[in-house]
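Student: Please take a close look at one part for me: the place where the chains meet. I'd also like to know how far to trust what is drawn there.

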Amino acid sequence: MATKSNYGWLQGRTVRKGGHASSNSHTRSSTPQVQSTSTTIFGGGIKDPSGRTSEYFSMDDQCPVCKSDRYLNPKLRLLVSSCYHKMHVHFSVSPCESCIDRLFTLGPASCPNCDKILRKLAFSPQTFEDLGVEKEVAVRRRIAKEFNKRLEDFDDLRSYNDYLEEVEDIAFNLINNIDIPATEERIAAYKAANAALTTLNLQREEAEALALKEQEDLERREREARAAQLAQQEQQEREERQREERELIDKLETSQKDAHKIVAKSRIAAAKRSSARAASSSANSSLLGMSFGMDYAKLLKTRTTKVNNVPDEPHVPFLDDYYAYDDLYTVRAEGYDDIISEAVRRDREGIMRAGGYKVEEAWNRALLTAVAGLDAAPLSGLDEPNSLGDVDVVMESV
Amino acid sequence: MKRPLYEASTQYKNWRYSPERLSQIRTTMNEAAVGVIRKTFEAYEPGSSSNVSFVNAHEEHLLVTFYVHKISQLCGHFRFPEEVEATATSYLKRFYLKNTVMDWHPKNVMLTALFLATKTTNNPISLDAYASHIPNTVASDVLDLEFLVSQSLAFEFAVWHAHRALWGIWLDIQNLPDSLPDIAQTQKSIYDSALSHVRAARLTDAEFIYTPSQIALACISLVAPALAKKWLESKANITIPENQTDIPPRPSAAALSASIEAIESIITETGKVPNVEAVREVDRRLRTCKNPEKVVGTKAYLARKAEAEKKAEEKRNKKAEGQKTNGAGDVDPFGDPLAEPVKPGLVDYDDDDDDD
């Protein structure tokens, strides 16, 4: 198959590069969309409007009913039943489409392995190799539709967490077939109790998605407008340049003045114009950039569902009452004749100063140390200036 | 009145002593240590302490001073900057104001102090490289004592150094109105010999009594008294600006001269490397009077270790029990709900261990 499509260009067919890359032996790039099975039923099959998700597809596929396999029938398409029985080779790992058509033409029939009644509509294309995942995705999609409460709907974090836990319990039960009737009852009870809130949240979600889309549209439009403006500017510039050239040639033809002078004059004028243009365009673009930045900020804001209103606290600079001897010394502006810092000062490439080292700061610190505590009188006698009674503490503690 | 910056340093607040106080600390600590160790000896072998000759405070100090000298040798070997050497020296000296050589031998503590100093002064070296350059030393020898040393230093790692003050004075001398423009070149011998005095001062107690600037000035004064005086007077003569009423008074040359003289005599009298023979003798005796609890393999060491383990075990049990009783209540295993973020407080910029 791969070879076939590799030589497709020889037969005048278009070879889609991206599509080809994904259609290795495990996935099929183009999922047929005709089948009602994939869109109408509960569970199974990922609904992906962008079409990027592909159906699960393996060279080892074989219909458990008619035993036809991919080798004999490359178009073989296996569908998953709604009971997801991995163990049962028969219906779980999926009879092929034609078998389903044949078996279920007369209406619902029971799965030969479990007693569940299966309908033709309830077969869906397989997305994941693991049927367990397939089932989990379906269950979670269903649960998410009903249980869409948000943190704002609760009084405190604790109750929200309890709610999430309950949802997770229900999902777990459904996925693992634990206590299904009771769980369904729970879901029904919840549904009845929270119908209003659920609808409200659904609407909210839709509104948010809409707002996000609008923002993105706005942004896109702005980008396009900017590109158009740039193109227009370029066009203008080109025209102007052509006009200048024509004028210059005209002048050279008609005027009696020195040709060199005319050329120089027109060059100066052109330079002036181009610099003026550059200035105006940079002003323009900065304006555009700003509005783009603002847009982006707005977009981010809509993305975070909850806006945190943290009031700005006024900045309080660190104030202390220390005296840093700053009137006792000044660092000489012209520097010092200093052998210690000679290597650093001679370092022209600035390798030694790469981390932000400044020799002036080192000098400043040295000068500060030189005058710091000059007047401090030494202690005398046995009087204790500060309670240093812990002399032996360390010795005893280790 | 504003507080001078130096008085905010831990060096000024916690590591400043009078000479009398210094000797008192050393004597009382030595006596206490001898008492404890004698008791330990007696506890395991009654009567064994009678013929042990313990080292006294003076001998302890001698040994420590010798290892201070060893640090500078080691620094020369590693080509560490002056700052590392000075810092390690201070650490070692400070450590033995709180510990005795009978518990911790300075030959081990010295290595840790130096390694710690490379880290605190931002001149790091890898532990393996460090240990491999010192004979009979493995990485764990250095690290085992690190917390102990840090604890003894009360985690006050920032040290103000006299050599930096000397540098500052030497720079500032160029700024004196009547000094020759090429004084740094022509008079370089003054700086060099002053620096050697600063190094000698590290062997003394000067840094516990006087400030780095005073020590540096004394070192210059030892070489060129007139120059030192001129510089000091230039500082004393700077008038306080009228609008600044809250700064402390100027250093007065008269009041300082006594301190300078005292430092000079300390340096000339005690700023020497101890006699190796005398140190060897102390070290030989130290071998017999070491705290047996700290010597690996002795009965006392094992007993002490067992006791420590018992204590740790008890602590663990207590903790487990505490958790059990706590667990009975309705406690959220994920902790309480997140509180509102605490209003960020002001950062305390009180550390002065930046590097130049």
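Tutor: Let's start with trust: pLDDT is the predictor's confidence in each residue, from 0 to 100. You're looking at a predicted model, so local features need pLDDT of at least 70 and side-chain atom pairs count only at 80 or more, while totals for chains, interfaces and linings use all residues. Residues are numbered from 1 along each chain as its sequence is written, and chains are lettered from A, with ligands numbered from 1, in the order in which they are written.

For the complex, the predictor gives an ipTM of 0.82 and a pTM of 0.55. Chain B averages a pLDDT of 87, with 91% of its residues scoring at least 70. Within chain B, helix α4 (residues 82–95) has the highest confidence, at 96, and helix α17 (residues 299–328) the lowest, at a mean of 80; helices (H or I, at least four residues) and strands (E, at least two) are DSSP runs, numbered from the N terminus. Residues 347–352 of chain B fall below 50, and beyond near neighbours in sequence this stretch has five contacts in the model (a contact is two residues whose C-beta atoms, placed from the backbone, lie within 7 Å).

Chain A has a mean pLDDT of 74, and 71% of its residues reach 70 or more. In chain A, helix α11 (residues 359–371) has the highest confidence, at 93, and helix α3 (residues 37–40) the lowest, at a mean of 36. Over residues 1–44 of chain A the pLDDT stays under 50, with 47 contacts beyond four places in sequence in the model. Residues 86–93 of chain A also stay under 50, with 21 such contacts. Where pLDDT is low, the predicted coordinates should not be read in detail.

A quick word on the partners themselves. Chain A has twelve helices and seven strands, and 14% of its 398 residues are buried. A residue is buried if 20 or more other C-beta atoms, placed from the backbone, lie within 10 Å of its own, exposed if 12 or fewer, and partly exposed in between. Chain B comes to 17 helices and one strand, and 35% of its 356 residues count as buried.

Now the part you asked about. The contact takes 56 residues from chain B and 44 residues from chain A. On the chain B side, the elements that give two or more residues are β1 (3–4), α1 (10–14), α2 (19–44), α8 (146–152), α9 (162–173), α10 (183–186), α13 (212–223) and α15 (253–270). α9(B) supplies the largest share of that side, seven residues. Sorted by class, the chain B side has 29 nonpolar, 15 polar and twelve charged residues (Ala, Val, Leu, Ile, Met, Phe, Trp, Tyr, Cys and Pro are nonpolar, Asp, Glu, Lys and Arg charged, and the others, Gly among them, polar).

Zoom in on α9(B). It packs with α11(A) at an angle of about 100°, with the axes 7 Å apart (axes are lines fitted to C-alpha atoms, for helices over the stretch in contact, and angles run from 0 to 180 degrees between N-to-C directions). So α11(A) sits roughly perpendicular to α9(B); under 35 degrees counts as roughly parallel, over 145 as roughly antiparallel, 65 to 115 as roughly perpendicular and the rest as oblique. From α11(A), the residues making the contact are A:Trp363, A:Ala366, A:Leu367, A:Thr369 and A:Ala370, and from α9(B) they are B:Arg164, B:Ala165, B:Trp167, B:Gly168, B:Ile169, B:Leu171 and B:Asp172. That gives eight nonpolar, two polar and two charged residues.

There is strand pairing across the chains, too. Strand β7 (residues 322–323) of chain A runs parallel to β1(B), joined to it by two bridges (two strands pair if DSSP finds at least two bridges between them). Here A:Tyr323 stands opposite B:Pro4 in β1(B).

One more residue worth clicking on is B:Arg21, in helix α2 of chain B. B:Arg21 touches A:Leu379 and A:Leu382, leaving aside residues up to four places away in sequence. B:Arg21 counts as buried because it has 20 C-beta neighbours inside 10 Å. Within its own chain, the C-alpha atom of B:Arg21 is separated by 10.0 Å from that of B:Ile209, 188 residues apart along the chain.
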